[in-house]
Amino acid sequence: QVYLAESGGGSVQAGGSLKLSCTVSGVTLSKRCMGWFRQAPGKGREGVAGIEFLGDSSWYADSVKGRFIMSQDNTKTKNMVYLQMDSLKVEDTAMYYCAAGPSWSGALCRAEKEYMFWGPGTPVTVSS
């Protein structure tokens, strides 16, 4: 059974930082798209960042470039990805989701519909 679980969300003031973690089990992650998505209140879900697990490729939404960094821990005992979020803005407030998708395929890994496994999300609130 595939299981994803996010953690690290919380409340922070604008300009602050948070680091989200995502633990994955039940699926082989090698060369898969791994992504972070978010959904703000009253809005649709949008892509934030993605990486090729055990690879070198990545993508970031324009709104987070230079502020967010996605990374991975691919040691033998861990299948985890992270999202370091710095210089947070009020507009970053959202539920953040970790997702596992197909084998890395460039532009397709930016598409939410390509991701088949999702975590329940962790909330991030940024106040002014």
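Start by selecting Cys33 and Cys109: in this predicted model a disulfide joins the two, with 1.7 Å from S to S. Cys33 lies in strand β4 while Cys109 sits in the loop between β9 and β10 (117-118), so this bond ties together parts that are 76 residues apart in sequence. Colour by accessibility and you'll find both Cys33 and Cys109 buried.

How many disulfides does the structure hold? There are 2, so go on to Cys22 and Cys98, whose sulfur atoms are 2.1 Å apart. Look along the S-S bond of Cys22 and Cys98: the torsion is about -80°, so this disulfide is left-handed. Cys22 belongs to strand β3 and Cys98 to strand β9, so here too you are looking at a link between distant parts of the chain, 76 residues apart. Cys22 and Cys98 are both buried. Count the bonded cysteines along the chain and the pattern comes out as 1-3, 2-4.

Next, switch to cartoon and pick out β1, β3, β8 and β7. In that order they make up an open sheet of 4 strands, with antiparallel pairing. Which strands stand at the edges? They are β1 (3-7) and β7 (68-73); each has a single partner strand, so one side of each is left without a neighbour in the sheet. On average, neighbouring strands here are turned by 15° against each other, direction ignored.

Zoom in on the β7 end of the sheet. β7 pairs with β8 (residues 80-85) in the antiparallel sense, over 6 bridges. To see one of the bridge pairs, select Asp73 and find its partner in β8, Met80.

From Met80, hop across to Ser25, in strand β3. The C-alpha atoms of Ser25 and Met80 are separated by 9.0 Å, though the two residues are 55 apart along the chain. Is Ser25 buried or partly exposed? With 31% relative accessibility, Ser25 counts as partly exposed. Leaving aside neighbours within four places in sequence, Ser25 is in contact with Gln1, Val2 and Tyr3.

Now for the inside. Show side chains for Met34, Trp36, Met70, Val81, Leu83, Met85 and Tyr96: of the 29 residues in the largest nonpolar core, these touch the most other members. Strands that each supply at least two residues of this core are β3 (18-25), β4 (32-39), β5 (45-52), β7, β8, β9 (94-103) and β11 (122-127). Another core, of 6 residues, lies apart from it; among its members are Cys33, Phe37, Trp59 and Tyr115.

Back in the largest core, centre the view on Val81. Not counting residues up to four places away in sequence, what does Val81 touch? The list is Leu20, Ser21, Cys22, Met34, Trp36, Ile51, Phe53, Met70, Ser71, Gln72 and Cys98. Both halves of the Cys22 and Cys98 disulfide are thus in contact with Val81.

Last stop: Arg38, in strand β4. Its relative accessibility is 5%, so Arg38 counts as buried. Turn on polar contacts for the Arg38 side chain. One goes to the side chain of Glu46, at 2.6 Å, and another to the side chain of Asp92, at 2.9 Å. If you expand the selection around Arg38, leaving aside neighbours within four places in sequence, you'll pick up contacts including Gly44, Val48, Ser63, Val64, Phe68, Glu91, Ala94, Met95 and Tyr96.

How values were computed
Residues are numbered from 1 along each chain as its sequence is written. This is a predicted model: local features need pLDDT of at least 70, side-chain atom pairs count only at pLDDT 80 or more; totals for chains, interfaces and linings use all residues. Side-chain values use heavy atoms; hydrogens and water are left out. Two strands pair if DSSP finds at least two bridges between them. Axes are lines fitted to C-alpha atoms, for helices over the stretch in contact, and angles run from 0 to 180 degrees between N-to-C directions. A nonpolar core is a set of buried Ala, Val, Leu, Ile, Met, Phe, Trp, Tyr and Cys residues joined through side-chain atoms within 4.5 Å. Buried means under 20% relative accessible area, exposed over 50%, partly exposed in between (1.4 Å probe, protein chains only). Contact means heavy atoms within 4.5 Å. A polar contact is a pair of N or O atoms within 3.5 Å; within protein, one must be able to donate a hydrogen and the other to accept it, and residues adjacent in sequence count only if both atoms are side-chain atoms. A disulfide is a pair of cysteine sulfur atoms within 2.5 Å.
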